[in-house]
Amino acid sequence: MTTPTRAVVLGGGWAGMLTAHVLARHLESVTVVERDILPDGPHHRKGQPQARHVHVLWSSGAGIVENLLPGTAERLLAAGARRIGFQSDLVTLTAWGWQYRFPATAYAMMCTRPLLDWVVRDAILAGGRIEVEHGTEAVELAGDRSRVTGVRVRDAGGGEPRLLEADLVVDATGRASRLGHWLAALGLPAVEQDVVDAGIGYATRMFKAPEGADGNFPAVQVAADPLTRQPGRFGVVYPQEGGRWLVTLTSTRGAPLPTDEDEFTGYAKVLRHSIVSELMSVAEPISPIFQSHSGANRRMYPERMPQWPEGLLILGDSLAAFNPVYGHGMSSAARAAEALDKELARDGFGEGGTRQVQRALSEVVDDPWIMAGLNDIQYVNCRNLSSDPRLTGPDVAERLKFSDFLSGKSIRSPKVCEVTTSVLSLNAPQKALGDSRFLSLLRTDTSHPKLVEPPFHPEELEMVGLKPSGIAAKGALG
């Protein structure tokens, strides 16, 4: 297949826009098809209900976006986003105890998802090289089982389909992708997929932060402990633009989500530590409570298909969607855009054609997939519908045992923490946890005593009017 000249990207979200930007660097014509009317500003839209919940852009993804769109970080910070250093700007209760706030070696951009999307989308569309068809939905692929030649679309409200011809069609429509139906219509079999579903649900509410605590107060996390064999309950308080905190309470299957104010308050009180509840009590709620249940890990394997049509790629959540609690979705999409850029810069769609490029896109989701899957299979009632031997094979118990040891060491040992944080943030590959240098660190790195209370600085507690003695330590080491 020669390098295409015309591309259609299905989906105008984070993954779709980054993909369109990369394609516009190499192709003559790029059109984005988006069902929603994309807002001119950092506003929510109907097709992104999950955007109400907490999102983070890890430094790996932020760095890629900065390379593709110089100045993005500056624009986000100017709009009120916070750059949170891991672990210095974070207070975290893990399943193995409190995490020491070691000097930051990675970071995450924290702000609302609409702000992230808008800042990036605005910069991409300012170039004028990408056409956007708002309020338009894809109906079916054009072509046959050997080659896709475009996509038929129609107004989201109905009407007759029309053909958008293209040399390349990219599915970036996310978890709601209808790719399976489209491929079946071309006479192709279903794409093999794995699912690891812990039954994750989210309940989120926005709060106004206390006066003086809107700029320097750390992010706060209380994680579940899957080893208790009870349904998991998480809680986070993340700083957002506009002097606000976003509080998200999360459950795995078997722990019902709160639906009203009393339940939301009560749920926070039964987390493994009271700090989320304490912070809610000094903040002002300014939004309704929003719920979501789209948290299963799902991975497609187009690279395993015996036949894959030329002119078709899938990426973003259409290719692999992760439990959002790990924050890997947006960075994985950025990594896919980077991989696509490299493939096109190297030899376009050379001898291997679309299949070669799709293989490169699939490779970048492997590390976040195995991290999310291995964590989630530990939760009681998790439905592991995966054929991945790393999640189902005879050595899974040993993998989990090593992961537990590693996590317990990381919260107290600075150099070990540096490596594990690099892997978690996707700045380093998963294989870094098995090399000889790291295994040596596990034996030689300093190991601090376990913390018995959340590691706030005194001035941080003063910001919110709390005292160390007023923060319960219930289950802090559990």
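**Exercise 1. Locate A345 and decide whether this residue is buried or exposed.**

Step 1. In this predicted model, A345 is found in helix α8, which spans residues 329–347.

Step 2. The relative accessible area of A345 is 57%, and the cut-off for calling a residue exposed is over 50%.

Step 3. A345 is therefore exposed, because 57% lies above that cut-off.

Step 4. For the surroundings of A345, consider R25: the two residues are 320 residues apart in sequence, yet their C-alpha atoms are 9.4 Å apart in space.

**Exercise 2. Work out why helix α10 can be described as largely enclosed by the rest of the structure.**

Step 1. Helix α10 covers residues 366–376 and has 11 residues.

Step 2. A residue counts as buried when its relative accessible area is under 20%, and in α10 this holds for D367, P368, W369, I370, M371, A372, G373, L374 and D376.

Step 3. Since 9 of the 11 residues of α10 are buried, the helix is largely enclosed by the rest of the structure.

Step 4. The elements against which the buried residues of α10 pack include the strands β13 (193–197) and β20 (297–300), and they also include the helices α8 (329–347), α11 (389–392), α12 (396–410) and α13 (414–424).

**Exercise 3. Reconstruct the open sheet that contains β3, β7 and β4, and identify its edge strands.**

Step 1. The open sheet has 3 strands in the order β3-β7-β4, and their pairing is antiparallel.

Step 2. The edge strands, each of which pairs on one side only, are β3 (56–58) and β4 (82–86).

Step 3. From one strand to the next, the twist averages 30 degrees.

Step 4. Between β3 and β7 (residues 106–110), which run antiparallel, there are 3 bridges, and W58 has A108 in β7 as its bridge partner.

**Exercise 4. Judge how compact the whole chain is, using its radius of gyration, and describe its contacts and surface.**

Step 1. The chain has 15 helices and 23 strands.

Step 2. Its radius of gyration is 23 Å, close to the 23 Å that the globule rule gives for 478 residues, so the chain is as compact as a globular protein of that length.

Step 3. Taken along the principal axes, the C-alpha atoms fill a box of roughly 65 × 50 × 40 Å, and buried residues make up 59% of the 478 residues.

Step 4. Of the contacts in the chain with a separation of 6 or more, 73% are accounted for by residues 24 or more positions apart.

Step 5. The accessible surface of the chain comes to about 19400 Å², and 51% of this surface belongs to carbon and sulfur atoms.

Terms used
Residues numbered from 1 in each chain as written. Predicted model: local features only at pLDDT ≥ 70, side-chain atom pairs only at ≥ 80, totals over all residues. Heavy atoms only, no water. Pairing = 2+ DSSP bridges. Helix = DSSP H or I, 4+ residues; strand = E, 2+ residues; numbered from the N terminus. Axes fitted to C-alpha atoms, helices over the stretch in contact; angles between N-to-C directions. Buried < 20%, exposed > 50% of the residue type's maximum accessible area, 1.4 Å probe, protein only. Contact = heavy atoms within 4.5 Å. Rg over C-alpha atoms; globule rule 2.2 N^0.38 Å. Areas by Shrake-Rupley, 256 points an atom, 1.4 Å probe, with all protein chains shown as cover.
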